Amino acid sequence: MRVIRRRDRIDPAALMLRTMCHELRPPMATLASLIQALADQPSGERRAELAEMAVAHAAHARAVLEQASAVGATDHAQPLCHVLPLALGTVPADASADLRADLSPAALAWPVHARHTRQVLINLLGNAFRHGVPGGPVRLLGNVRGRRLRLVVANAGRFSRDLGAALRRPDPPPGEKGLGLWVVRQAVAANGGTVRARACHRGRAVEVEVRLPALK
């Protein structure tokens with residue numbers, strides 16, 4: 001006799017809280033670092049730049065909270081170039097030298113859902129630095145193909161079955177492992193896009209590719 005396990009019921013409130021906490025972690029950590037840097041920078045152009053970055057990260061955190069409470073849920077289209085700086089700003093300072101971004105002018109001008117696309121990039125870049133070869137390069141590529149924006153995050157390392165499974169699973173994982181990639185899948189799907197992961201460079205690197213249509 002085959003035993004069929006009953007799928008546990010997902011608590012929507014608990015899932016929203018888990019997802020919100022996961023999305024808030026990178027911008028809040030970066031915001032704390034920026035505030036400390038502001039305290040150490042008494043004056044000058046650098047202080048103004050740091051303050052502008054801090055305001056942007058605080059605005060992203062506010063957008064996450066407003067989305068969770070269904071207040072101001074509508075997110076108008078913004079060009080990718082307006083979304084990119086905040087996402088790149090969450091990369092740890094000691095790892096930023098290992099990041100190379102190469103995006104075409106058409107990709108930078110592509111209209112996207114700002115919060116969703118920002119979160120996709122934050123999660124994929126964070127995942128690449130955490131699970132790639134320590135000190136290895138991470139690349140962010142962007143271009144437009146077939147009327148779709150194509151974003152690729154690549155890092156040195158071996159392809160993991162867990163990576164592919166996390167991007168395919170319909171339900172969120174029970175713990176923190178794989179939650180960020182599940183969030184990526186949901187955000188990409190909500191915008192009519194696709195996401196896939198594959199090994200490349202004869203198995204020595206991993207690529208995660210996201211394709212998004214233009215947001216009207």
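These legends walk through several close-up views of a predicted model.

**View 1. Helix α3 against helix α5.** Let's start with a pair of helices. In this view, α3 and α5 have axes that come within 9 Å of each other and cross at roughly 40°. That angle makes α3 oblique to α5. The crossing in which α3 passes α5 is right-handed. If you want to find the contact, look on the α3 side for L80, V83, L84, L86, A87 and L88, which meet A114, T117, R118, L121, I122 and L125 of α5. Sorted by class, this contact has 10 nonpolar residues, one polar and one charged.

**View 2. Helix α5 against helix α7.** Here α5, which covers residues 114-131, turns up again with another partner. The α5 and α7 axes lie 9 Å apart, and the two helices pack at an angle of about 150°. That leaves α5 roughly antiparallel to α7, because angles over 145 degrees are counted that way. This time the crossing is left-handed. From α5, the residues in the contact are H116, Q119, V120, N123, L124 and N127, and they meet G180, L181, V183, V184, A187, V188 and A190 of α7. The class count for this contact comes to eight nonpolar, five polar and no charged residues.

**View 3. Helix α6 against helix α7.** Now for α6 (residues 161-168), which packs against α7 (residues 179-190) at an angle of about 40°, with 7 Å between their axes. The two helices are therefore oblique to each other. As α6 passes α7, the crossing is right-handed. On one side of the contact sit L163, A166, L167 and R168 of α6, and on the other L181, W182, V184 and R185 of α7. Six of the residues in this contact are nonpolar, none is polar and two are charged.

**View 4. The enclosed cavity.** Next up is a bit of empty space inside the model. How many cavities of 30 Å³ or more does a search of the whole structure find? The search turns up one. The largest cavity holds about 30 Å³ of space. Around it you can pick out H116, T117, V120, A187, V188, N191 and L212. Two elements, α5 and α7, each give two or more residues to this lining. The largest share, three residues, comes from α5. By class, the lining has four nonpolar and three polar residues, with no charged ones. Some names are worth spotting twice: H116, V120, A187 and V188 line the cavity, and H116 and V120 of α5 and A187 and V188 of α7 are also part of the contact between those helices. Likewise, T117 lines the cavity and is one of the α5 residues that meet α3.

**View 5. The largest pocket.** The last view opens out onto a pocket with a volume of about 1,200 Å³. It is lined by 50 residues, and the closest to its centre are N123, L125, G126, N127 and R130. Which elements each supply at least two residues of the lining? They are α1 (12-40), α2 (45-68), α3 (80-89), α5, β5 (148-156), α6, α7 and β7 (205-212). Of these, α5 makes the largest contribution to the pocket lining, with 10 residues. Split by class, the lining has 26 nonpolar, 16 polar and eight charged residues. A few of the central residues may look familiar: N123 and N127 are among the α5 residues that meet α7, while L125 is one of those that meet α3.

Key
Residues numbered from 1 in each chain as written. Predicted model: local features only at pLDDT ≥ 70, side-chain atom pairs only at ≥ 80, totals over all residues. Heavy atoms only, no water. Axes fitted to C-alpha atoms, helices over the stretch in contact; angles between N-to-C directions. Helix = DSSP H or I, 4+ residues; strand = E, 2+ residues; numbered from the N terminus. Parallel < 35°, antiparallel > 145°, perpendicular 65-115°, else oblique. Left-handed = near helix turned anticlockwise from the far one by under 90°. Contact = heavy atoms within 4.5 Å. Nonpolar A, V, L, I, M, F, W, Y, C, P; charged D, E, K, R; others polar. 1 Å grid on protein atoms, 1.4 Å probe; cavity = no way out; pocket = protein on both sides within 12 Å on 5 of 7 lines; lining within 4 Å. Points joined across faces, edges and corners; volume = space filled by probe spheres on them.
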